[in-house]
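Me: I am new to this structure and would be grateful for a close look at a single part of it. Please take one strand, describe its surroundings, and then place it beside other features of the chain.

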Amino acid sequence: MSTGRTHVRMGPGEMVQAAAMARRFYLEGKSKIQIAEEFGVSRFKVARVLETALERDLVRIEIRVPAELDAERSDALRAHYGLRHAVVVQTPSDQADAPDPENLGAVAAGLLGELVTDGDVLGLAWGRSIITMANALDRLAPCTVVQLTGVYDVGTTERGSVEAVRTAAAVSGGEAHPLYAPMVLADPATAAALRAQSGIAAAMGYFDKVTVAVVSVGSWEAGVSTVHDALTDAEREHYAGLGVAAEMSSHLFDSAGRRVGRDLGERCITIEADRLRRIPEVLAIAGGTRKAAAIDAVLRSGLVTSLVTDTAAAEQLLRSTTAAPRPALDRADPDGS
């Protein structure tokens, strides 16, 4: 990247000196004070020489990231929502209208490798992108892996979150604590009975220890929300009437990020919203134009600190003129209490 300024005339001696100083500063990592001492000049002279080296194109600074990453939109999205991390990937041309393009999981696997440190407890919710992410993991610090939601495998070819938990644990070399239970039950009594079972209770006992969580986001429409698809037509209409715009880990949110339809949680095997809010790092994986409004709602809930999405969703999210919260900093309570 050139500065684009008018070139300053330099003699050969000045040019050689500028190149040497630039090499010390940009390649060897020496400070301006160290360079000044070596060359017997002031640090202000070093600063002027380095600036001139840029102006004369002796030094060219390039910021290069893989072609699939959109660094500019990533930074804009992070600032817009007050996120800790935001990674935007290019939407594949053949998946412009598809929810959660396939490349999200692989990129999320790389980000998760950065976020998880030795001794963390990693929580994984259900989601096709989370399954893809788990299968793409090639490095993960030693950690315990726990399942955060029950299983929803109807109509899918994947083996679900149980296998994702086992896969991640195998990569990290840590313990796996899956939940052998459905995500949505017929009534609260059945759900309560399952939670009381020793194996399920033991896995859920790790919820308060989770330090990094990965969740998915669903829009309230067929094929884009597992909870939506698990309910009856009458139940879907009931929750739609409450203004549901998004679903995450069986929790429902309106467009402002407020939690609605809390009674559904009594029928679900999932981590509670308040516990999710207390987890230091919550990474959401979701993309596609059909999920943009749902992603916006979830980011406004205060439960999510980081996001992996695609350019199709990011373009819509960045058009929002409504003041966005700072979930990574504020961690607001979506129940408003």
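Reply: A residue is called buried when its relative accessible area is under 20%, and exposed when that area is over 50%. The model discussed here is a predicted one.

With that cut-off in hand, strand β2, residues 121-124, can be examined. In a regular strand the side chains alternate between the two faces of the sheet. In β2, Val121 and Gly123 belong to one side, while Leu122 and Leu124 belong to the other. These four residues are all buried, and both faces of the strand are thus covered.

Strand β2 also has partner strands. One of them is β3, residues 144-147, which runs parallel to β2 and is joined to it by four bridges. Within this pairing, Leu122 has Val145 of β3 as its bridge partner. The two strands further belong to a right-handed β-α-β unit, in which helix α6, residues 128-136, is the helical member.

Another partner is β5, residues 212-216, which likewise runs parallel to β2 and is connected to it through three bridges. Here Gly123 of β2 is matched with Ala213 of β5.

An open sheet elsewhere in the chain may be set beside this strand. Its four strands follow the order β6-β7-β8-β9, and their pairing is antiparallel. Because β6 (218-219) and β9 (259-260) each have a single partner strand, they stand at the edges, and one side of each is left without a neighbour in the sheet. Two bridges link β6 with β7 in the antiparallel sense, and Gly218 has Glu247 of β7 as its bridge partner. Helix α13, residues 292-299, lies across β6, β7 and β8, and runs at about 60 degrees to β7.

The loop between β7 (246-248) and β8 (251-253) contains Ser249. This residue is not a glycine, yet its phi is positive, near 55 degrees. Is Ser249 buried or exposed? Its relative accessible area is 6%, so Ser249 counts as buried.

A positive phi is also found at Asp57, where the value is about 60 degrees although the residue is not a glycine. Asp57 lies in the loop between α3 (43-55) and α4 (71-81). Its relative accessible area is 24%, and Asp57 is therefore classed as partly exposed.

To return to the strand requested, β2 has buried residues on both sides, and it runs parallel to β3 and to β5.

Note on methods: Residues are numbered from 1 along each chain as its sequence is written. This is a predicted model: local features need pLDDT of at least 70, side-chain atom pairs count only at pLDDT 80 or more; totals for chains, interfaces and linings use all residues. Side-chain values use heavy atoms; hydrogens and water are left out. Buried means under 20% relative accessible area, exposed over 50%, partly exposed in between (1.4 Å probe, protein chains only). Two strands pair if DSSP finds at least two bridges between them. Contact means heavy atoms within 4.5 Å. Axes are lines fitted to C-alpha atoms, for helices over the stretch in contact, and angles run from 0 to 180 degrees between N-to-C directions. A crossover is right-handed if, with the strands pointing away from the viewer, the path from the first strand over the helix to the second runs clockwise.
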